[in-house]
Amino acid sequence: MHGFSYKNESLFCDDVELSSLVEEHGTPLYVYSAGTILDHYRRLDQALSGVSHEVAYAVKANSNLSVLRLLAHEGAGFDIVSGGELFRVIKAGGDPAHCTFAGVGKTRDEIVYALEQGIYSFNVESEEELRYLNEVAGELGMIAPAAVRVNPNVDAKTHKYISTGKSENKFGIDFDAIAGLYERAAKELPHIRMRGLQMHIGSQLTSVAPFVEAVEKVAPLARQLKERHGIEFWSIGGGIGIVYQDSLESGPSQWWESKAEGERPLTIEQYGREVVPRLKDLGLKILVEPGRFIVGNAGVLVTRCLYEKKGSAKTFRIVDAGMNDLIRPALYEGHHEIVPLQKAADSSLQKVDVVGPICESGDFFCQDRELPHFAPGDCVALMSAGAYGFVMASNYNSRPLPAEVLVEGETATLVRKRQTLDDLIEGEL
Ligand code: LLP
């Protein structure tokens with residue numbers, strides 16, 4: 001489900017009218033639905049209920065403190081990729097003992113900080129990193145809990161920039177090298193405690209088959225590592241895809257399920273049904289690291305149309321958000337539905353490009369798309385922008401970062417102020 005729907009031709013986030021938020025906070029504006037975030041978290045938790053598990057939310061998808069606080073309160077763990085993300089989790093009241101630390105390039109400072117905070121596991125991506133972790137932990141007189149990321153060499157069939165589980169990707173260690181590495185760690189690395197095994201094959205997977213393939217391939221290895229080295233967890237990663245198209249088609253709560261069987265993308269229930277039975281008898285705690293599934297459809301980016309420019313070949317609607325605010329279309333050819341905040345009486349569609357103000361041809365939100373009528377002065381919502389939206393925003397073209405609002409029922413809270421011009425030069429000498 002997601003919490004965005006029209007009431008009397010006006011777009012709402014749960015019980016809050018988006019146009020009222022625009023009046024108060026201006027545009028571009030990110031708006032998130034707390035109810036949607038919690039619903040997704042609970043549905044995933046439920047889908048995995050047949051096995052001992054923990055949902056470690058991938059902080060990189062949306063790291064606003066209020067989003068993290070919401071999930072920490074709900075009992076989520078966190079998958080982090082930097083010292084900065086750990087800092088955010090702690091500030092939001094999350095427990096480091098429920099944090100896993102992923103990433104191919106952890107620095108010494110990050111390792112020390114995470115050791116001191118007592119994180120659950122370092123998810124290690126190379127033997128060199130494991131040896132370095134042993135060295136740093138030794139210097140501090142500590143034992144570092146660790147898991148190695150296995151690269152299962154499975155094709156996730158997603159965009160090449162977000163596919164991670166093939167041998168040619170920089171992530172993880174080859175499947176065949178894992179058992180030997182755990183043996184060496186046991187003999188040679190006294191400051192490491194091998195606590196688990198990890199994998200992640202890619203992001204925005206819209207079919208369950210690659211997950212099943214990876215789980216089936218790696219399960220015997222996980223079993224073997226448990227028997228020989230007493231590992232206690234297996235993180236099967238994140239990557240559960242969401243629907244980016246037509247997400248307002250049938251209103252909240254059934255839009256996903258309303259798709260016909262053949263064209264229906266991966267549902268969370270299907271994921272649970274297919275994956276859980278293959279994990280059940282391993283006797284390991286299963287971790288999942290979802291980011292997009294939890295927050296993707298829970299957020300929109302609201303932007304105002306500034307101009308309509310009619311060229312000889314195309315009509316451009318120029319809006320006040322740019323690729324610096326939401327880079328997914330430019331970077332991954334990401335699709336975001338574009339819907340008006342107020343439905344116009346004129347229900348005709350026009351073929352347009354919606355573009356931002358940035359000096360780059362890649363600065364567009366859609367090209368040659370049939371869109372409902374909206375005019376300069378009107379606002380539109382770029383849907384499904386809750387994951388990898390604000391977190392990837394930048395100050396490119398010296399544009400202040402947008403504000404963020406979290407809606408809980410009928411209450412809307414500003415959870416990040418819009419940057420000011422002074423913020424832009426903060427720290428420059
Ligand atoms: N675990 C690991 C080790 C990851 O690298 C990622 C995402 C996740 C979990 C969470 O994946 P999710 O459940 O969100 O698919 N910026 C791109 C997506 C990059 C994903 C990077 N890693 C986008 O906007 O599509």
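Is Asp 281 buried or exposed? Asp 281 is exposed, with a relative accessible area of 56%; here buried means under 20% relative accessible area, exposed over 50%, and partly exposed in between, with a 1.4 Å probe and protein chains only.

Good morning, colleagues. The structure before you is a predicted model, in which local features need pLDDT of at least 70 and side-chain atom pairs count only at pLDDT 80 or more, while totals for chains, interfaces and linings use all residues. Residues are numbered from 1 along each chain as its sequence is written, and side-chain values use heavy atoms, with hydrogens and water left out.

I begin with the division of the chain. Domain 1 comprises 4–13 + 21–29 + 297–418, and domain 2 comprises 103–288; these bounds come from an automatic or database domain assignment. Between the C-alpha centres of the two domains the separation is 34 Å.

I turn next to the salt bridges. A salt bridge is a side-chain nitrogen of Lys or Arg within 4 Å of a carboxyl oxygen of Asp or Glu. The whole structure contains 22 of them. I shall also refer to helices (H or I, at least four residues) and strands (E, at least two), which are DSSP runs numbered from the N terminus.

Let us return to Asp 281. Its salt-bridge partner is Arg 223, with the closest N and O atoms 3.7 Å apart. Asp 281 sits in the loop between helix 9 (268–275) and strand 13, whereas Arg 223 belongs to helix 8 (residues 209–229), so the pair links distant parts of the chain, 58 residues apart. Arg 223 is partly exposed, at 34% relative accessibility.

A second pair is formed by Glu 54 and Lys 285, whose closest N and O atoms are 3.9 Å apart. Because Glu 54 lies in strand 5 (residues 53–58) and Lys 285 in strand 13 (residues 285–288), this salt bridge ties together parts that are 231 residues apart in sequence. Glu 54 counts as buried at 13% relative accessibility, while Lys 285 is partly exposed at 24%.

The third pair is Glu 127 with Arg 131, at 3.0 Å from N to O. These two residues are four apart in helix 6 (residues 127–139), and so are separated by about one helical turn. Glu 127 has a relative accessible area of 22% and is partly exposed; Arg 131 is partly exposed as well, at 31%. Glu 127 and Arg 131 also belong to a network of salt bridges with Arg 184 and Glu 188.

I now move to the interior. Which residues of helix 9 are buried? They are Ile 268, Tyr 271, Gly 272 and Val 275. Seen down the axis of helix 9, the buried residues fall within an arc of 95 degrees, so they line one face of the helix; the arc is that of the directions from the helix axis to the C-beta atoms. Helix 2 (34–47), helix 8, strand 13 and helix 10 (292–295) are among the elements that cover these buried residues.

Tyr 271 also appears in the largest nonpolar core, which has 104 residues. A nonpolar core is a set of buried Ala, Val, Leu, Ile, Met, Phe, Trp, Tyr and Cys residues joined through side-chain atoms within 4.5 Å. The members that touch the most others are Leu 44, Tyr 57, Phe 122, Leu 197, Trp 234, Ile 236 and Tyr 271. Helix 8 gives the most to this core, with nine residues. Domain 1 and domain 2 each supply at least three residues to this core. A second, separate core of 19 residues includes Leu 21, Val 22, Leu 341 and Ala 381.

Finally, the strands. Two strands pair if DSSP finds at least two bridges between them. One open sheet has three strands in the order 1-2-3, with antiparallel pairing. Strand 1 (4–7) and strand 3 (16–17) are at the edges, each with a single partner strand, so one side of each is left without a neighbour in the sheet. Strand 2 (residues 10–13) joins strand 3 over two bridges, and Phe 12 has Glu 17 as its bridge partner in strand 3.

Strand 20 (residues 403–408) and strand 21 (residues 411–416) run antiparallel and are joined by five bridges. Leu 406 has Thr 413 as its bridge partner in strand 21. In this hairpin, with two residues between the strands, Gly 409 takes a positive phi near 65 degrees.

Definitions and conventions. Contact means heavy atoms within 4.5 Å.
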